[in-house]
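Please work through the exercises below with the sequence and the coordinates open. Each task is followed by a solution in steps.

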Amino acid sequence: MNSCEKAAIICNKAQYNEATLIEKIKLKFHIFICEKCYHFSKKNAKLTHLCNKAKLESLSEKDKENLKEVLNKTSNALHTK
Amino acid sequence: MTSHSLKPDVWVDQYADYLFNYAVSRVSDAEIAKDIVQETFLAGLKSAKNFKGDASERTWLIAILKRKVIDHYRKINSKKGKAEVRMTYSSSVDSEGDWLEEQVADPFSTLENDVIENEELGLAIQECIVKLPKKQARVFQMKTIQGVSTEDICNELEINPSNLWVMIHRSRSALMECLNKNWFNV
């Protein structure tokens, strides 16, 4: 893994507050010397901001399974009619 | 029916979250929104033969969903027995008198626009998530939207943390790419 890939992983962890202090320092240093990662990290933070702003909602996997079950039952009932 | 044939089997994976987001923004209650999504799918299934194929499935389902939201509001209104319009005068002490004018919306406020923009943003992100490979989408949703801890996700999906971060990286990069034109003005 090269240093840019490492930096990207730390940058992603940082979006979820899961980067350690040492990792964050490494990332800051890398961003300072690498323009590509600087832009990536900017965009990544923006994505986090957008996701928070959008107040995203999603159905749980269980809800989806239930939904599929109901749909399949109805669909079968319709076809056998 | 060629390009626009109905595929109820993939509906849930493809559109459930999109419809759910839309419904939540309209009724602001997750449980009710869940019911509305289910009713929408069922109604879609029953009237599948009326689907002319001149709109995309999603547009068609959203049209049904909108009807269901209206039905929902009609129902709660009739439960109360009537649609009442209540005028509550401000009870805050610092207002001088009960002037209705004080409660009129500020014409220069952009708060309403923010709400609309955020809704569009949410739907745009949801559209991009659907385009991700299924497992990546699931990891991204669990991590970002449901806020499940790394450890729990790894246990549930039987992957190790480095797999997880690779999937997060791929999904985030894909989302940046997908949202790029409209939402990233960097």
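The exercises go from overall confidence and fold to the cores, the interface and single residues.

**Conventions.** This is a predicted model, in which local features need pLDDT of at least 70, side-chain atom pairs count only at pLDDT 80 or more, and totals for chains, interfaces and linings use all residues. Residues are numbered from 1 along each chain as its sequence is written, while chains are lettered from A and ligands numbered from 1 in the order in which they are written.

**Exercise 1.** State the confidence of the prediction for the complex and for each chain.

*Solution.* Step 1: the predictor assigns the complex an ipTM of 0.84 and a pTM of 0.75. Step 2: pLDDT is the predictor's confidence in each residue, from 0 to 100. Chain A averages 88, and 99% of its residues score at least 70; chain B averages 80, with 80% of the residues at 70 or above. Step 3: among the elements of chain A, helix 2 (residues 21-33) has the highest mean pLDDT (94) and helix 4 (residues 61-80) the lowest (82).

**Exercise 2.** Describe the secondary structure of both chains and explain why chain A counts as more spread out than a compact globule.

*Solution.* Step 1: helices (H or I, at least four residues) and strands (E, at least two) are DSSP runs, numbered from the N terminus. Chain A has four helices and zero strands; chain B has seven helices and zero strands. Step 2: the radius of gyration is taken over C-alpha atoms, and the globule rule is 2.2 Å times the number of residues to the power 0.38. For the 81 residues of chain A the rule gives 12 Å, whereas the radius of gyration is 21 Å, well over that value, so chain A is more spread out than a compact globule. Step 3: along the principal axes, the C-alpha atoms of chain A fill a box of roughly 70 × 30 × 20 Å.

**Exercise 3.** Which residues have the most contacts inside the largest nonpolar core, and which elements give two or more residues to this core?

*Solution.* Step 1: a residue is buried if 20 or more other C-beta atoms lie within 10 Å of its own, exposed if 12 or fewer, and partly exposed in between, with C-beta atoms placed from the backbone. A nonpolar core is a set of buried Ala, Val, Leu, Ile, Met, Phe, Trp, Tyr and Cys residues joined through C-beta atoms within 7 Å. Step 2: the largest such core has 20 residues, and Ala16(B), Leu19(B), Phe20(B), Ala23(B) and Val37(B) have the most contacts inside it. Step 3: helix 1 (8-27), helix 2 (30-46) and helix 3 (57-79) of chain B each give two or more residues to this core, and helix 1 of chain B gives the most, with ten residues. Step 4: apart from this core lies another, of 18 residues, which includes Leu47(A), Leu50(A), Cys51(A) and Leu179(B).

**Exercise 4.** Characterise the side of chain B that touches chain A.

*Solution.* Step 1: two residues are in contact if their C-beta atoms, placed from the backbone, lie within 7 Å. By this criterion, 34 residues of chain B are in contact with 29 residues of chain A. Step 2: helix 1, helix 2, helix 4 (111-131), helix 5 (134-145) and helix 7 (161-183) of chain B each supply at least two residues of this side; helix 1 gives the most, with eight. Step 3: Ala, Val, Leu, Ile, Met, Phe, Trp, Tyr, Cys and Pro count as nonpolar, Asp, Glu, Lys and Arg as charged, and the others, Gly among them, as polar. The side divides into 20 nonpolar, nine polar and five charged residues.

**Exercise 5.** Is Asn44(A) buried or exposed, and which residues does Asn44(A) touch beyond four places in sequence?

*Solution.* Step 1: Asn44(A) is found in helix 3 (residues 35-53) of chain A. Step 2: Asn44(A) counts as buried because 21 C-beta neighbours lie inside 10 Å. Step 3: Asn44(A) touches Cys11(A), Asn12(A), Gln15(A) and Arg172(B). Arg172(B) is itself among the buried residues of helix 7 of chain B.

**Exercise 6.** Which values of phi do Lys55(A) and Glu158(B) have, and where do these residues lie?

*Solution.* Step 1: most residues other than glycine have a negative phi. Step 2: Lys55(A) has a positive phi of about 45 degrees and is found in the loop between helix 3 and helix 4 of chain A. Step 3: Glu158(B) has a positive phi near 55 degrees and is placed in the loop between helix 6 (150-157) and helix 7 of chain B. Step 4: Lys55(A) counts as partly exposed, with 15 C-beta neighbours inside 10 Å, whereas Glu158(B) is exposed, with 7 other C-beta atoms within 10 Å.
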